[in-house]
Structures are given as C-alpha cells and as structure tokens.
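I opened a new notebook page for this one. The plan is to go from the whole chain down to a single residue.

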Amino acid sequence: MKSVVTIVQEGLRALHNAASLGGAAAALLCATITVPASAQEADLVVIHAKVATLDGGSRIEEALAVRRGHITAIGNDAAIQALIGSRTQVVDAGRRTVIPGLIDSHMHAVRAGLSYSVEVNWIDARTIAEAMSRLRTAAHRSRPGAWLVIAGGWTEQQFEERRRPTLQEVLTAVPEQPVWIQLFYSGLLLTPKARESLGIAADALPPKMTAQLDAQGNPTGWLESEITGLSSLFDRLPKPTPQDNVAGTRQFFAELNRLGITGVVDPGGFSLYPSQYRALQQLWREHALTVRVAFSLFAQNADSELADFKNMTQLLPMGFGDDMLKFNGIGERVTLAMYNNDAPDATTQEKFYEVLQWAARQGMAVTIHWVDGKSLPVLLDIYERLNREVAITDLRWSIAHLDDVSAQSLARMKSLGIGWTMQDSMYFAGDRVRAARGDAVLHMPPLMTAVRAGVVVGAGTDAHRVATYNPFIALQWMLDGKTIGGNATRGSDETPSRELALRFYTLNSAWFSFDDDKRGSLAVGKLADFAILDQDYFTAPVEQIGRTVSLMTVVGGKVVYAAAPFVAPR
Ligand SMILES: [Zn+2]
C-alpha cells in the first residue's frame with residue numbers, strides 16, 4: 001500500500017510541476033493513479049542509482065520504475081523496490097549515475113548511417129600510427145580493390161604528431177586500394193588508385209580544388225577544397241548498397257547508444273534525397289530504431305526549392321510520425337542561394353522569403369545553417385518582416401552554428417522565439433580561430449550570454465563529416481572551453497555549470513522537435529530514455545569527462561545497449 005501512496009504523491013507532484021507541459025503527461029498520470037495496485041508492477045526498475053532527473057528542482061533520486069515505455073515512479077530505493085513483481089527486470093546500478101538520454105540537436109545522423117558500415121573512422125585515434133592501423137585493418141577486412149573512405153570526423157590536432165598523414169604513410173598502410181581521406185570539407189587526400197578509379201589524371205585537379213603546397217612550393221598530395229566541390233566528388237564514389245545502408249544505420253545508432261544518445265534532431269544534408277530515408281524507415285517499420293529521429297528536409301535543387309518542399313510534404317505535415325521517427329520541418333538549407341551567403345541580393349532574399357512564408361503558414365519548423373554572426377542581422381531582418389505577416393514565435397524555428405553571435409542578435413532571436421542549436425565546432429577549430437581573431441574566442445560561442453538572453457540553447461556536434469559525434473567530448477568542451485589541442489579558448493563567463501551543459505544536451509535539445517514534454521528529463525509520465533554512465537559526470541575531473549561512456553542505454557523502457565557489468569535481456 002505504501003508504494004501506491006508513493007506513486008500517487010510522485011504523480012501529483014509531477015502533475016503539478018508539469019501543469020504547463022500539455023496534456024499527454026497529465027493524461028498518463030491520471031491513468032496510472034486510477035489502476036489497481038496489482039497492475040502497478042514495473043516492467044523495469046533501476047535501483048541503487050544516482051538519478052539526475054533534470055526536472056525543475058534538479059533532484060537527485062535513488063531509483064526509478066518503468067512501465068510500458070514510460071517512467072511511472074521516481075524516488076527512493078524502498079519505494080521503487082515495492083514495485084518489483086515477478087516479471088520485473090531489476091537493474092542494480094551500483095550507485096552509478098543515471099542521466100536522461102542525450103539528444104543531439106544538430107547531427108547528420110541519417111546520412112552518417114547510410115555509409116557507416118562501409119567507412120573507416122578515426123574518431124578518438126590519438127596517433128597517425130593508430131589511424132594507419134585502422135586503415136590497414138579495414139583493408140584486410142574488405143574485398144580486394146574496395147574503396148576505403150574516411151569521410152571526416154577527425155583533425156590534425158587529435159594526433160600527437162599534430163599534422164595530417166602524408167600520402168606516403170597512407171600508401172605504406174594500404175598500397176593497393178583506392179583511399180579517400182577527407183578533412184572537414186576543406187582537405188582531401190586521394191591515393192593513385194583512387195584517382196584512377198575516379199578518372200582523374202595524376203597531374204589533374206578535380207573541379208573546385210587546388211593542390212596544397214609545402215613551404216618549398218611542392219605539392220604535398222593533399223587537395224584543398226570546399227563543401228560543394230568535395231560533396232560532388234564524393235557523390236561519384238561507389239554507393240553503399242541498400243543492405244549496407246540498413247546495416248550502417250543500425251550500427252551507427254548502436255554506436256550512439258554506447259555514448260548515451262537516445263535522440264537526434266537531423267537537418268538532412270547534401271545529396272540526401274527522399275529515397276535515402278528508406279533504411280531509416282525500414283528500421284522504424286521493424287521496430288528496430290534505437291535512436292529517436294526528428295528530421296527536417298534539406299533543399300537539394302536550385303530554383304525549385306519551394307516546389308520541391310510543397311511536393312515532398314503533401315503527405316508530411318509538421319510533426320507527422322511517432323515518438324521514434326517524425327517530420328520536423330525544413331532546413332538547414334532552405335534555398336541554395338542563401339546557403340553560406342552573408343550578403344544575399346534582393347532577389348535571393350525574396351525567394352528565400354517565399355519559402356519561409358509558406359513554411360510559416362504550414363506551421364512548420366525551420367532550421368537554418370548560419371555561420372557568421374556578423375551577417376546574422378540580414379537573416380533576422382527577414383524573420384522580423386515575416387513575423388509581422390505570419391507569426392513564427394511559436395513554431396520553434398532555429399539557427400545552427402553561430403559561434404560568434406552577438407548579444408543584440410540573441411535578443412532579437414529571443415523575441416522571435418528562435419532557438420539556437422549550438423555545436424562544439426570550436427573544439428576542433430578553436431586554435432585556428434584564435435590565431436585569426438585573438439580574444440574574440442573568449443566569447444565563442446557565447447553560451448551564457450545566450451542563456452541570459454533567454455534563448456533556448458540546444459547542444460550537439462554537427463557530426464559526422466565535420467566533427468566527432470561523441471556527446472561527452474562536447475560536454476567536456478562546454479565545461480573547459482579547451483580545443484582538441486588542449487588550449488583554452490572560451491572564457492569562464494561563458495562557461496555553464498555541469499548541470500546546465502547537460503540540460504542543453506537533453507531537455508533543451510528536445511525542445512527543437514516539440515518533445516520537451518515527453519523526454520529530455522526524468523519525470524513520471526515521460527518516456528523512459530536514460531543512460532547509466534561508467535563514471536559520475538557530476539564529479540569526474542573535467543578533463544576526463546570526454547572519456548565517459550554509457551554502460552546501459554534505455555530507449556522507451558527497452559535496453560538498447562549494455563556493457564559489463566550489465567547485460568541486455570534477450
Ligand atoms: Zn550546417
């Protein structure tokens with residue numbers, strides 16, 4: 001009987017707390033409270049834990065109970081143990097920390113999944129020797145003559161040598177296969193076999209690329225490029241098969257689960273056409289998705305953006321889908337002409353405006369890629385004009401990147417109801433940016449200025465071409481502002497507390513897909529998405545936070561990943 005009383009109290013408290021969060025949680029609580037005690041037996045309980053609820057009161061609790069995918073009780077061990085029945089899966093967390101599942105608010109996860117099973121990655125490799133050994137291992141596993149592709153997610157600074165591998169090193173590791181090594185969207189190394197396969201003569205340059213020269217003016221073997229040149233050449237690589245797409249998506253999501261991620265907000269990407277969502281849809285249909293995906297549509301064709309969006313969304317209203325997979329509007333590219341355009345002419349702005357106006361009238365979310373804070377007023381002028389015609393303040397529009405956004409622009413974003421999806425690009429780029437811009441890096445990105453302005457800040461990585469997808473690397477960087485090379489950049493006045501950084505990565509990120517009433521914190525009625533960590537995020541030395549992994553990740557009450565000492569049930 002005591003247990004029922006506990007649930008009712010918890011439920012009423014959460015109901016009270018959740019008064020402004022809409023009906024779903026409240027309805028579920030009422031159902032929970034009225035069913036008889038025998039039916040309260042939990043499907044899963046986690047006990048002997050340090051549960052960081054991230055609810056309004058920053059509570060730490062000992063245990064939680066899950067039933068039918070939702071959290072039904074949170075409290076002390078005794079109260080939760082009372083809910084254990086004959087069928088209940090009991091997880092003794094051994095006093096480890098439990099956090100809400102992490103949500104990356106800007107990750108190109110759908111695209112990453114398509115090729116994950118056939119790419120080599122250098123994430124967290126600490127030396128060039130280790131990177132070469134991963135290439136060699138992949139070569140041994142692949143069939144003769146197969147491509148080996150490293151499509152970003154690494155930087156010179158992660159290697160002790162602080163440089164890129166040379167063509168000779170790559171050829172020594174993999175002499176016989178075509179190899180593509182991409183550094184962000186700015187550098188590319190192709191082996192002779194790769195050039196041969198792409199039909200590029202040894203002395204020729206692919207479109208929009210130049211040869212990198214050393215101090216003596218000799219070509220290093222590396223090509224310098226930018227995003228469009230690199231993307232169009234990448235499109236000529238042999239495509240992974242549909243089976244590769246499905247296997248890769250499954251593997252990539254499992255890798256995200258290993259790092260405590262249970263959700264992503266996905267902004268599409270270059271050459272990501274509707275047909276390439278099939279692997280994702282197949283896993284969804286098979287109930288095999290282990291990461292919740294809210295996706296937006298990225299404009300692919302110049303001059304037909306509005307027609308394309310109208311066509312693609314005829315059966316896809318805003319929010320269509322379910323808690324595992326749903327449509328979340330358009331962007332991060334809305335028109336090709338406005339993309340990375342800091343000084344758009346009147347015609348470009350007008351065409352962009354037409355798409356925004358249509359999206360606003362459909363009640364759609366719009367996310368925009370914008371890098372340069374100095375030119376952001378151009379975009380905000382357009383949004384303010386639109387907002388006078390069609391209100392956008394409740395549509396949860398967002399801007400991605402913006403490492404140097406000003407306080408004035410943040411105030412304008414706040415009054416338009418626009419959130420900021422912030423990433424750890426300065427973790428990789430900070431040393432370069434400091435060399436170019438000096439002390440400006442102290443406020444890059446201005447995390448706390450944004451919080452003070454009242455802007456919703458979501459966390460993420462922009463993985464996997466330009467960054468590692470590891471959320472704990474991003475969390476560590478939020479807390480110490482240090483680049484991958486170990487140099488401090490951001491100042492302490494722009495440094496969030498550990499709890500706030502975690503809120504960026506959970507509840508705030510959930511806001512961008514209208515899911516903050518369903519997930520992002522651990523509260524009665526919310527979806528049971530959480531991770532049991534191998535070390536205590538709240539007390540571990542900051543410089544070790546980046547090494548944190550999950551030992552058990554749960555999505556909707558289902559264990560999707562487990563490592564020793566835990567085991568996933570069959
Ligand atoms: Zn972007």
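I fixed the contact criterion before counting anything: two residues are in contact if their C-beta atoms, placed from the backbone, lie within 7 Å. I also noted that this is a predicted model.

Entry 1, contacts and overall form.
I took the contacts in the protein with a separation of 6 or more. Residues 24 or more positions apart account for 73% of them. Next I looked up the secondary structure and found 18 helices and 23 strands. The radius of gyration came out at 24 Å, close to the 25 Å that the globule rule gives for 570 residues, so the protein is as compact as a globular protein of that length. Along the principal axes, the C-alpha atoms fill a box of roughly 80 × 55 × 45 Å. I then checked burial: 49% of the 570 residues count as buried.

Entry 2, domains.
I pulled the domain assignment. It gives domain 1 as 2–95 + 554–562, domain 2 as 119–234 and domain 3 as 242–514. How many Å separate the centres of domain 2 and domain 3? I got 28 Å, taken over C-alpha atoms. The contact between them takes ten residues from domain 2 and 14 residues from domain 3. I sorted the domain 2 side by class. It has four nonpolar and six polar residues where it touches domain 3, and no charged ones.

Entry 3, a strand pair.
I turned to β15, residues 292–297, and β16, residues 325–330. Are the two strands parallel or antiparallel? They pair in the parallel sense, over four bridges. I looked up one bridge by residue: L297 has I330 in β16 as its partner. Then I followed the chain from β15 to β16. It passes through helix α11, residues 305–312, and this β-α-β crossover is right-handed.

Entry 4, one residue.
I picked S550 and located it in strand β22, which spans residues 550–555. Is S550 buried or exposed? I counted 29 other C-beta atoms within 10 Å of S550. The cut-off for buried is 20 or more, so S550 is buried. I listed what S550 touches, leaving out residues up to four places away in sequence. The list reads N257, R258, L259, G260, A531, I532, L533 and Y561. I followed up on N257. S550 and N257 are 293 residues apart in sequence, yet 7.5 Å apart in space, C-alpha to C-alpha.

Conventions:
Residues are numbered from 1 along each chain as its sequence is written. This is a predicted model: local features need pLDDT of at least 70, side-chain atom pairs count only at pLDDT 80 or more; totals for chains, interfaces and linings use all residues. Two strands pair if DSSP finds at least two bridges between them. A crossover is right-handed if, with the strands pointing away from the viewer, the path from the first strand over the helix to the second runs clockwise. Domain bounds come from an automatic or database domain assignment. Ala, Val, Leu, Ile, Met, Phe, Trp, Tyr, Cys and Pro count as nonpolar, Asp, Glu, Lys and Arg as charged, and the others, Gly among them, as polar. The radius of gyration is taken over C-alpha atoms; the globule rule is 2.2 Å times the number of residues to the power 0.38. A residue is buried if 20 or more other C-beta atoms lie within 10 Å of its own, exposed if 12 or fewer, and partly exposed in between; C-beta atoms are placed from the backbone.
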